[in-house]
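Trainee: I would like a close look at one position in this complex, and at how the elements around it are put together. Could you take me through it slowly?

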Amino acid sequence: MAGSRLETVGSVFSRTRNLMRAGVLKEKPLWYDVYKAFPPLREPVFQKPNLRYGKAKATIQDIFYHEDRIRAKFFSAYGSGPKAFDLFNPNFKSTCERFVEKYIELQNLGETNEEKLFVETGKALLAEGIILRRIGEARAVTIRHQAAAEGNQPQKDDAWEQQEAREEPQGACSGL
Amino acid sequence: MAPARTALPRLLCAGVRSARRWPGFLRKATPGPAGPSGRMLTGAPNPARSEPQDDHDLQRKILDLPLKHSDFFNVKELFSVKSLFEARVHLGHKAGCRHRFMEPYIFGSRLDQDIIDLEQTASHLQLALNFTAHVAYRKGIILFVSRNRQFMHLIENTAQNCGEYAHTRYFKGGLLTNAQLLFGPEVRLPDLIIFLHTLNNVFEPHVAVRDAAKMNIPTVGIVDTNCNPCLITYPIPGNDDSPPAVHLYCRLFCTTINRAKEKRRQMEILYQLPSVKRAEDSGTAN
């Protein structure tokens, strides 16, 4: 049976069609009619994969949402939040997600000042029962405040502090 | 048949073992005597010479009719963009791994991770499933190829469920290009090769992609953002690493192939081909 092994020349279909037209290939292959009736969106021709050089960049857009600004502020202030992310649940709402929803709600009510909105959202979430602990220098304030309020907590807070300090770089790497 | 052989120690030249498996696979449903052309004939002799024209016309009708419909096997109903999304088909690799030729299929990149455009995937998938169904309808041999060890077993089982073939082990050099030497003088090569993973374990294109193009065998392949879709006849841009995605593809291919074979059986009964008539007379089940 005749065939053409030149995979770099044309597509499988074009080679088979030309061989049949020339009379070299006697039997029509099984898939020929099917390909003819339903051709692919792009003809499967070989293309040499050349690398891009210099300043040429791919034309792929970044995907960003408006909520990403709010998320960025939340993560820089509070880290990943008190609740762990449950990825098994498709309808899971993380602390950040609730924060963003509350923020947008308050924004639609008419507020414009970003810092004020941020603080208001934090207060609203506190009212719902979610305690947001700030990371960084503001932590000392919360711990002292908590120690004064609860008395026996400082040891636990130190352990939590160390854990948060360890978790911070990990959180930055995951990037989500 | 196959599971027993796969259980044999792969330490003994795995490549040769997998190559030897093919002649066993070629003896499919009815193990009749091998004709001079190497194809497996059914137990029944050839149809009587007295009515060659009718037979020929019927065959042509059976084969031509499905090509007139745009979606004869209704493969569109098997999936939707939502089901693709839930199976995480849209997740690609990081932007650094991106292959240049996959750029048209990528929707965008979210924090450096490429997201595949599921609208395009849906149309490509529909074309690919339709092609697979038509090839299976025409009694073509379909070969599933993958070199991803995580889904090796699943793919072999899928192939077994549809009554087709799979090759998920080390792909020996001239398996397609030098088949006459490796298998025997009269071998029937696959009519369609389905790649569930286009890359091999060192992230290079699988040899079978180039070899299938050389042997003029059409291919259907799942191409991830780090794969080269050029030589694949019907590429399907999609995730090939997540288990839900691969399970979805296996289910889709299995369903389409079984559907197509069932349709073929129905069409043959409808048009009452002589070979089917004789099978009915001899008492075998429809």
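Trainee: Does Lys139(B) count as buried, partly exposed or exposed, and at what relative accessibility?

Mentor: A word on the conventions comes first. This is a predicted model, in which local features need pLDDT of at least 70 and side-chain atom pairs count only at pLDDT 80 or more, whereas totals for chains, interfaces and linings use all residues. Residues are numbered from 1 along each chain as its sequence is written, chains are lettered from A and ligands numbered from 1 in the order in which they are written, and side-chain values use heavy atoms, with hydrogens and water left out.

Lys139(B) counts as partly exposed because its relative accessibility is 48%, given that buried means under 20% relative accessible area, exposed over 50% and partly exposed in between (1.4 Å probe, protein chains only). The residue sits in the loop that leads from α5 to β4 of chain B, where helices are DSSP runs of H or I with at least four residues, strands are runs of E with at least two, and both are numbered from the N terminus. Once neighbours within four places in sequence are set aside, the contacts of Lys139(B) (heavy atoms within 4.5 Å) are Leu30(A), Arg188(B), Arg264(B) and Glu268(B). Phe171(B), which is 32 residues away from Lys139(B) in sequence, is 25 Å away in space, C-alpha to C-alpha.

Arg264(B) leads us to a helix pair, since this residue belongs to the part of α9(B) that meets α5(B). The axes of α5 (residues 118–137) and α9 (residues 243–271) of chain B come within 8 Å and cross at roughly 40 degrees, with axes fitted to C-alpha atoms over the stretch in contact and angles running from 0 to 180 degrees between N-to-C directions. The two helices are therefore oblique to each other, the class left over once angles under 35 degrees are called roughly parallel, over 145 roughly antiparallel and 65 to 115 roughly perpendicular. The crossing of α5(B) and α9(B) is right-handed, that is, the near helix is turned clockwise from the far one by less than a right angle. On the α5(B) side the residues that take part include Leu125(B), Leu129(B), Ala136(B) and Tyr137(B), and among those they meet in α9(B) are Leu252(B), Phe253(B), Ile257(B), Lys261(B) and Met267(B). Elsewhere in chain B, Thr158(B) of helix α6 (residues 152–162) touches Cys250(B) and Cys254(B), residues up to four places away in sequence not being counted. Thr158(B) is buried, for its relative accessible area is 6%.

Beyond the loop that holds Lys139(B), β4(B) belongs to an open sheet of five strands in chain B, ordered β5-β4-β6-β7-β8 and parallel in its pairing; two strands pair if DSSP finds at least two bridges between them. The edges are taken by β5 (165–167) and β8 of chain B, each of which has a single partner strand, so one side of each is left without a neighbour in the sheet. On average, neighbouring strands of this sheet are turned by 20 degrees against each other, direction ignored. Three bridges pair β6(B) with β7(B) in the parallel sense, and Ile193(B) has Thr219(B) in β7(B) as its bridge partner. Between β7(B) and β8(B), which run parallel, there are four bridges, one of them placing Gly221(B) opposite Pro235(B) in β8(B). That edge strand, β8 (residues 234–237), is covered on both faces, with Tyr234(B) and Ile236(B) buried on one side and Pro235(B) and Pro237(B) buried on the other.

The other chain can be reached from here as well. Helix α8 (residues 207–214) of chain B has Ala208(B), Val209(B), Asp211(B), Ala212(B) and Ala213(B) as buried residues, and the buried residues of α8(B) pack against α1 (12–22) of chain A as well as β4 (142–145), β6 (192–195) and β7 (219–223) of chain B. After α8(B) comes Asn216(B), with a positive phi near 55 degrees. Chain A, which also supplies the Leu30(A) contact to Lys139(B), has seven helices and zero strands, and buried residues account for 28% of its 176 residues.
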